[in-house]
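Trainee: I'd like a close look at a single part here, with enough of the surroundings to place it. Please take me through it step by step.

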Amino acid sequence: MFKTEKKIYIRKIGDINNTILEELKDGLNKIFNKFNLSIKILNDEMPLKQSDYNKARQQYFADPILNRLFQYSINKQFFRTLGILDVDIYSAGLNFVFGIATAPENKLLKFYGTCIISVTRLRQEFYNYESNEELFKSRTLKEAVHELGHTFGLRHCKNYCIMRFSNHLGETDEKPVEYCDSCLSKLSNFLDDKNFRS
Ligand SMILES: [Zn+2]
Ligand SMILES: [Zn+2]
C-alpha cells in the first residue's frame with residue numbers, strides 16, 4: 001500500500017518568485033538524496049485565503065495554512081510536503097514564525113508530514129539592512145531543512161545542528177545546514193524502510 005519511492009514535494013503558497021523554489025530544490029536535493037528522497041516542485045499552487053489574513057497584525061495566520069496543506073498531502077498521499085510563502089506569518093502565541101511543521105508526535109507522520117516556511121523575514125532588507133542574496137538563499141535552505149526535520153520526528157537540539165531553535169536571523173546564520181550526528185541517527189531510524197511496512 002505504501003509507495004516505496006519517497007518524495008519531498010515543494011508547493012508554492014500564494015505569490016512567490018519561482019527562482020526561490022528552484023534554488024531551494026537544488027539545495028534540498030544535496031541534503032536528502034543520500035536518504036533516497038527526491039525533491040519535486042508541484043505545479044498546483046495553493047491560494048492564500050482572505051480568512052488567513054489578520055488585518056490588525058498585518059500578518060497571515062500560519063496554523064490554518066499548515067492544516068490545509070496537511071489535508072492536501074494526505075489526500076494526495078504525498079510523503080512530505082513543504083509549502084513556501086512570501087508573506088509574513090505568525091502562529092498561536094508567537095509574534096512571528098520563520099516556519100511551522102506538523103507536530104513530531106502526530107501519528108500520521110509515518111506516512112505524511114507537512115511544513116511551511118516564509119521567506120519574508122529571511123531577507124535582511126526586512127530589517128533595513130542591505131540585501132544579501134547568498135545569505136538569503138542559505139537561510140531559506142536552513143529553514144526548510146529545519147522544518148522538514150520536525151516532520152521526521154526531530155525536536156529542537158542544543159548541538160551545533162540545523163535543529164537548533166532560531167528566533168532571529170543571527171541565530172539562523174550561526175547554525176550549520178547539517179543535522180548533528182545525534183539527529184542524523186534519529187533521522188535514519190525514522191526513514192528506515194522497516195518503519196514503512198504496513
Ligand atoms: Zn523548530
Ligand atoms: Zn541535532
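Mentor: Reading along the sequence, you get the pattern β-α-β-β-β-α-β-β-β-β-α-α-α. That comes to five helices and eight strands, taken as DSSP runs and numbered from the N terminus (helices are H or I with at least four residues, strands are E with at least two). Some housekeeping: this is a predicted model, with local features needing pLDDT of at least 70 and side-chain atom pairs counting only at pLDDT 80 or more, while totals for chains, interfaces and linings use all residues. Residues are numbered from 1 along each chain as its sequence is written, chains are lettered from A and ligands numbered from 1 in the order written, and side-chain values use heavy atoms, with hydrogens and water left out.

Let's make strand S8 our part. Its home is an open sheet of five strands in the order S2-S1-S5-S8-S7, with mixed pairing; two strands pair if DSSP finds at least two bridges between them. The edges belong to strand S2 (37–41) and strand S7 (99–101), each pairing on one side only. Ignoring direction, neighbouring strands in this sheet are turned by 15 degrees against each other on average. The axes behind such angles are lines fitted to C-alpha atoms, for helices over the stretch in contact, and angles between N-to-C directions run from 0 to 180 degrees.

Now S8 itself, residues 113–118. With S7 it runs antiparallel, joined by three bridges, whereas S5 and S8 run parallel and share six bridges. Cys115 in S8 has Leu82 opposite, and Ala101 stands opposite Cys115 too. One residue along, Ile116 in S8 is the bridge partner of Ile100.

How many residues of S8 are buried? Six of the six are, so the strand is largely enclosed by the rest of the structure. Buried here means under 20% relative accessible area (exposed is over 50%, partly exposed in between, with a 1.4 Å probe and protein chains only). In general, the side chains of a regular strand alternate between the two faces of the sheet. In S8, Gly113, Cys115 and Ile117 are buried on one side, and Thr114, Ile116 and Ser118 are buried on the other, so to speak a strand with both faces covered.

What lies across S8? Helix H3 does, along with strand S1 (6–12), strand S5 (80–85) and S7, and H3 runs at about 155 degrees to S8.

H3 (residues 133–151) also leads us to the metal. The zinc ion (ligand 1) has three protein donors, His146 (NE2), His150 (NE2) and His156 (NE2), at 2.0 to 2.1 Å. Donors are N, O and S atoms within 2.8 Å of the metal (3.2 Å for Na, K and Ca), and water is not among the atoms, so sites may look incomplete. Along the chain the donors follow H-x3-H-x5-H. His146 and His150 are four residues apart in H3, so about one helical turn separates them. Both count as buried, His146 at 3% relative accessibility and His150 at 11%.

For context, there's another sheet: an open one of three strands, S3-S4-S6, with mixed pairing. Strand S3 (53–54) and strand S6 (89–90) are at its edges with a single partner strand each, so one side of each has no neighbour in the sheet. S3 pairs antiparallel with strand S4 (residues 59–61) over two bridges, and Gln59 in S4 is the bridge partner of Asn54. Helix H2 (residues 62–76) packs on this sheet, touching S4 and S6, at about 50 degrees to S4; contact means heavy atoms within 4.5 Å.

Zooming out, 49% of the 198 residues in the chain are buried. Of the contacts with a separation of 6 or more, 68% link residues 24 or more positions apart. The chain's radius of gyration is 16 Å, which agrees with the value near 16 Å for a compact globule of 198 residues; the radius is taken over C-alpha atoms, and the globule rule is 2.2 Å times the number of residues to the power 0.38. Along its principal axes, the C-alpha trace spans about 50 × 35 × 30 Å.
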